[in-house]
Amino acid sequence: MQVSTVMGLATLAVFCAYSENAPRLLAHRGGAKEFDENSLGAFRASYEKGLRGFETDFRMTKDNALVILHDDTLDRTATAKGIVETMTAAEVKAIRLKKSGEPLPFAQDLMDYFKGKPDIFIELEMKTSNAKLYTPARLEVYCRLLHDAAKATMPSNTYCFTSFDKRALQTMKRRYPDAPVGLIVGGPLDAKQLKSAVDLKACQVAPLLDATCRKAVRDAKKAGLKVTGWMVNSEADYALGAALGCDNLTTDVPVRLLGTVEKKEVRRADVGH
């Protein structure tokens, strides 16, 4: 391919990235590489910097409290070790995050923060893949608690329950047919994954961006699904996601990427005048 053709494609991708239909940036764990991931401070900082899209993770204590935590254990991010699912809410409240010293937030802490804030969207990821910890009976409790917390606090169309765990998505949809759910895919979006999302009655699907082609995104949209691409940590990634037609793009560096997007928009507006 000639250099001029490559440059033309790159220019087109960047133009698409900053058009009126630009994908919404989602601050992954509040901004995992810019702040203390999954801390209330991370979500607050990202929001105050202009982000309106977010992603986070929920686990459940043994006495049925929803805690925000990504990993299977506390070891990497917190001052304690162990598994949240074997602890009580009181025990979790005594734990602090390593970087910021903040307490681990509970689901209600985050939802109370976002309550009443306009034009937000948040993916509520259900970290329930461990079938020994999240038995069918525990999944029933988990889905009820997460659904009720979101529904009571946040306006409709501002959140989606997402997961790699099809059991959790099936449980949520069986209990609450109108609940918005999204399938996360740890690889490319292909016909098999698309069928899974449709069978789950999902409203969105989240494939690995680098491995997904434009046709797959088009097919998803024809099926009525929105597409969230991940992981997007550079301007080139963002341009690719926009060119593919993604609706949302998940990033660990939301503030930096948002600043880049806004600067491009200003430049484009100046050129238009």
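A search of the whole structure, which is a predicted model, identified 0 disulfides. A disulfide is a covalent bond between the sulfur atoms of two cysteines. Two cysteines of the chain were examined for accessibility. Cys 143 is buried, its relative accessible area being 0%. Cys 246 has a relative accessibility of 5% and therefore also counts as buried, the limit being 20%.

The chain comprises 273 residues, of which 49% are buried. Its secondary structure consists of 10 helices and 9 strands. Among the contacts with a separation of 6 or more, 59% are between residues that lie 24 or more positions apart. The mean pLDDT of the chain is 91, with 89% of the residues at 70 or more. Two segments depart from this level of confidence. Over residues 1–18 the pLDDT stays under 50, and the model has 19 contacts beyond four places in sequence for this segment. Residues 266–271 likewise stay under 50, with 4 such contacts. Where pLDDT is low, the predicted coordinates should not be read in detail.

Aromatic interactions were then considered. The search of the whole structure returned 9 aromatic pairs. One of these is formed by Phe 43 and Phe 114, in an edge-to-face arrangement with 6.3 Å from centre to centre and 80° between the planes. Phe 43 belongs to helix H2 (residues 40–48) and Phe 114 to helix H4 (residues 107–114), so the pair ties together parts that are 71 residues apart in sequence. Both Phe 43 and Phe 114 are buried. A further edge-to-face pair joins Phe 164 and Trp 230, with 6.3 Å between the centres and 90° between the planes. This pair links distant parts of the chain, 66 residues apart: Phe 164 is located in the loop between strand E5 (159–163) and helix H6 (166–175), and Trp 230 in the loop between strand E8 (226–229) and helix H9 (235–244). Phe 164 is partly exposed, at 37% relative accessibility, and Trp 230 is partly exposed as well, at 22%. The value for Trp 230 does not fall under 20%, which is why this residue is not classed as buried.

Phe 43 and Phe 114 also belong to one aromatic cluster together with Tyr 47, Phe 54 and Tyr 113. Two rings of the cluster carry a charged partner. Over the ring of Tyr 47 sits the charged end of Arg 52, 3.8 Å from the ring centre. The face of Tyr 113 is covered by Lys 117, which lies 3.9 Å from the centre of the ring.

The surroundings of helix H6 were examined next. Its buried residues are Ala 168, Leu 169, Thr 171, Met 172 and Lys 173. The elements that cover these residues include strand E4 (121–126), helix H5 (136–153), E5 and strand E6 (181–184). The N-terminal end of H6 is capped by Asp 165, with a side-chain oxygen 3.1 Å from the backbone nitrogen of Arg 167. Asp 165 itself is found in the loop between E5 and H6. At 6% relative accessibility, Asp 165 is classed as buried because the value is under 20%. When residues up to four places away in sequence are not counted, Asp 165 touches Thr 128 and Ser 129.

Methods
Residues are numbered from 1 along each chain as its sequence is written. Side-chain values use heavy atoms; hydrogens and water are left out. Rings of Phe, Tyr and Trp (its six-membered ring) pair if their centres lie within 6.5 Å; planes under 30 degrees apart count as stacked, over 60 as edge-to-face and the rest as tilted. Helices (H or I, at least four residues) and strands (E, at least two) are DSSP runs, numbered from the N terminus. Buried means under 20% relative accessible area, exposed over 50%, partly exposed in between (1.4 Å probe, protein chains only). A charge sits over a ring if NZ of Lys or CZ of Arg is within 6 Å of the ring centre and within 35 degrees of the ring normal. A disulfide is a pair of cysteine sulfur atoms within 2.5 Å. Contact means heavy atoms within 4.5 Å. A polar contact is a pair of N or O atoms within 3.5 Å; within protein, one must be able to donate a hydrogen and the other to accept it, and residues adjacent in sequence count only if both atoms are side-chain atoms. pLDDT is the predictor's confidence in each residue, from 0 to 100.
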